[in-house]
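Me: I'd like to go through a protein model step by step, in plain words. Let's put it up first, and then I'll ask my questions.

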Amino acid sequence: MKSFMGGKSVILRLEMDTEKIRFGEVANFISQAGGDIVAIDVIQTSKNVTVRDLTITVGESGHIQKIIESIPQLSGVKLVNISDRTFLLHLGGKIAITSKTPIQNRDDLSRVYTPDVARVCLAIKEDENKAYSLTIKRNTVAVVSDGTAVLGLGDIGPYAAMPVMEGKAMLFKQFADVDAFPICLDTKDTEEIIRSIKAIAPGFGGINLEDISSPRCFEIEERLRNELDIPVFHDDQHGTAVVLYAGLISALKVVGKSIKDVRVVVCGIGAAGIACTKILLAAGVKEIVGVDREGMITADRVYDNPMWNWYASKTNPGRKSGTLQEAMVGADVFIGLSAGGILKRENVATMAADPIVFAMANPTPEIMPQEVEDIVGVMATGRSDFPNQINNVLCFPGIFRAALDCRASEINEEMKLAAAEAIADSISDEERDRFYIIPSPFNTKVVKKMRDSVIRAAMATGVARRVPREYR
C-alpha cells in the first residue's frame with residue numbers, strides 16, 4: 001500500500017454494502033480515528049451497494065496512514081482507491097502557457113508567425129530595447145534553481161525541485177501579475193550555471209535565483225549582477241532579509257525601541273543570515289553578533305568561508321567570543337535562521353526587557369512560541385500556523401513588479417529597504433500589536449505600496465531605465 005504518512009488530506013473511495021453497514025457508522029469510525037470528513041461525493045448507488053468519495057483531513061495529532069490502514073477492519077466496507085489531494089493538484093504540473101490572442105484563420109497565422117512576424121524581428125534587431133515592448137520580456141521572470149537547497153529538503157536535485165519552482169511561478173502571477181517560468185538546471189558547477197543563465201537572459205526581464213546552496217549562491221548572484229543588465233535577485237537571501245526587516249520595523253514600534261539602539265543576535269550565518277545582517281546594517285543597526293556552530297563570529301579568527309571573514313569585519317564590534325547562550329545575554333533581538341529547538345526558555349529570559357524573538361527555522365522553529373509567549377515582547381516564526389509569519393511571498397512578487405515596470409537594471413539595497421518599509425507601512429499603527437506585525441500575503445495593499453516605494457527608490461538611485469507614466 002502506498003504510504004501517505006506525510007499528508008494531512010486524502011480522498012478515499014469506499015464501496016459499502018448497505019445491508020452490512022450504515023454510512024453513519026463509517027463516518028463515526030473515521031472521526032474516532034482522528035479524521036474529519038470535509039466532503040462527500042456519491043459516485044454510484046444501487047439497492048445493496050453504494051460507492052462514495054470521502055475527502056478526509058486530519059489535524060496535527062492525526063495520521064492519514066493509520067486511518068487508511070484501519071478501514072479494512074470495517075465489515076462491509078471495501079477500500080477501492082486512495083487519492084492524495086496534494087498529488088492530484090500536481091498532476092501534469094501546476095502551470096500552463098496560454099495565448100493572449102486566438103489564431104482563427106490564415107491572416108491571424110501570418111501575423112503571429114510567418115511571414116509578418118519577420119518585420120517585428122527586424123525591428124528588434126535594429127533596436128534591442130524594443131524587445132521590452134514587442135515580446136514577453138517586459139513582464140517575464142526566470143525562476144532558476146539547481147535543486148541544491150530546496151526548502152527544508154536540502155539537495156534533492158533539479159527534477160525534485162521543479163514542483164517548488166512551479167509554485168513560485170504561481171505566486172508571482174497570483175500576487176503581482178508577473179509571468180514567471182521555472183527553470184531547473186541539471187548542474188552544480190558554478191561556471192556552468194552562470195553561463196546557462198546568461199544564455200537565456202534575452203528572453204527575460206529579471207532572474208529570480210532560488211534554492212541554490214551556500215556559498216556558491218553568493219558568487220553566482222554577484223557575477224550575474226555584474227554581467228547582466230537585468231535584475232538578478234536571490235530570494236533565499238534578499239527576500240528573507242526584506243520581510244525580516246519589515247517585521248522588525250513593526251516589532252520595534254510595538255516594544256518602543258529604536259533600531260539604532262538595539263543589540264541583535266543572528267543565529268545561522270548562511271545565505272539568509274548574511275543578507276539579513278546586510279540589510280540591518282544598512283538600516284542603522286550598530287551592534288550585530290553572528291553565531292554559527294562554532295560560536296560567535298569574531299574578527300579575532302580567520303575562517304575558511306570567505307563570507308564569514310567579511311561578516312566578522314562588519315559585525316561584533318566588541319570582538320566577543322563564546323556560545324549562542326552567552327551571546328543572548330542582554331540582547332534585544334534574536335534572529336534565528338538555523339535549526340529547530342536550539343534555543344531554550346532560560347536563554348530568552350537572559351535577554352533585555354521586551355525581547356524580540358524571530359525564530360524562523362522551518363519546519364521547527366529554534367523555540368516554539370508557546371514556550372516563551374509570556375516573556376517576549378514580540379514573537380515571529382516562518383510558519384503559517386502561528387502569528388507573525390516571516391514569509392518571502394510578501395517580497396518577491398512586489399519587488400519584481402516594480403523592477404519590471406521601471407525596467408530597473410538591478411535591485412539595489414535602497415530598493416530592498418524601500419520594499420521592507422512598504423510592507424511594514426501596510427499595517428496601520430492602530431492595527432499593529434505584538435501578534436500582528438506583518439501583513440498577510442493576501443493583503444492587496446502590499447504589492448501596490450511596494451511597487452510605488454521601490455520604483456521611487458530605483459529612480460532616485462539611477463537604476464530605473466523607464467519612468468512609468470504616473471511618475472512623469
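Reply: First, some vocabulary: helices (H or I, at least four residues) and strands (E, at least two) are DSSP runs, and they're numbered from the N terminus. The model is predicted: local features need pLDDT of at least 70, side-chain atom pairs count only at pLDDT 80 or more, and totals for chains, interfaces and linings use all residues. Residues are numbered from 1 along each chain as its sequence is written, and side-chain values use heavy atoms, with hydrogens and water left out.

Me: Let's start with P363: is it buried or exposed?

Reply: P363 sits in the loop between strand 13 (356-359) and helix 15 (369-372). Buried means under 20% relative accessible area, exposed over 50%, and partly exposed in between (1.4 Å probe, protein chains only). P363 has 57% relative accessibility, so it counts as exposed.

Me: How far apart are the C-alpha atoms of P363 and P439?

Reply: Along the chain, P363 and P439 are 76 residues apart. In space, their C-alpha atoms are separated by 21 Å.

Me: What about strand 13: which of its residues point one way, and which the other?

Reply: In general, side chains in a regular strand alternate between the two faces of the sheet. I356, V357, F358 and A359 are all buried. From strand 13, one way point I356 and F358, and the other way V357 and A359.

Me: How many bridges join strand 13 to strand 14?

Reply: Two strands pair if DSSP finds at least two bridges between them. On one side we have strand 12 (residues 333-336), which runs parallel to strand 13 with 4 bridges; there, G336 has A359 as its bridge partner. With strand 14 (residues 378-381), V357 stands opposite M379. Strand 13 and strand 14 also run parallel, and the number of bridges is 4.

Me: There's an open sheet of 4 strands; which strands stand at its edges?

Reply: The strands are parallel, in the order 6-5-7-8. An edge strand has a single partner, so one side of it is left without a neighbour in the sheet. That applies to strand 6 (179-184) and strand 8 (232-234).

Me: And what does the twist average from one strand to the next?

Reply: For angles, axes are lines fitted to C-alpha atoms (for helices over the stretch in contact), and values run from 0 to 180 degrees between N-to-C directions. In this open sheet of 4 strands, the twist averages 20 degrees.

Me: Which residue is the bridge partner of N208?

Reply: Look at strand 7 (residues 206-209), which pairs with strand 8 in the parallel sense over 3 bridges. The partner of N208 lies in strand 8, and that's F233.

Me: What angle does helix 10 make with strand 8?

Reply: Contact means heavy atoms within 4.5 Å. Helix 9 (residues 216-227) packs on the sheet, touching strand 7 and strand 8, and its direction makes about 165 degrees with that of strand 8. Helix 10 (residues 235-255) touches strand 7 and strand 8 too, but its angle with strand 8 is about 75 degrees.

Me: Now for charges: which residue meets R223 in a salt bridge?

Reply: A salt bridge is a side-chain nitrogen of Lys or Arg within 4 Å of a carboxyl oxygen of Asp or Glu, and a search of the whole structure finds 31 of them. In this one the N to O distance is 2.9 Å, between R223 and E191. R223 lies in helix 9 and its partner in helix 8 (residues 190-200), so the pair ties together parts that are 32 residues apart in sequence. At 33% relative accessibility, the partner counts as partly exposed, and it's E191.

Me: How many residues apart are D374 and R345?

Reply: Their side chains meet in a salt bridge (2.9 Å, N to O). D374 is in the loop between helix 15 and strand 14, and R345 is in helix 14 (residues 345-349). The pair links distant parts of the chain, and the separation is 29 residues.

Me: Last one: is Y113 buried or exposed?

Reply: Y113 lies in the loop between helix 4 (106-112) and helix 5 (117-126). With a relative accessible area of 55%, Y113 is exposed.
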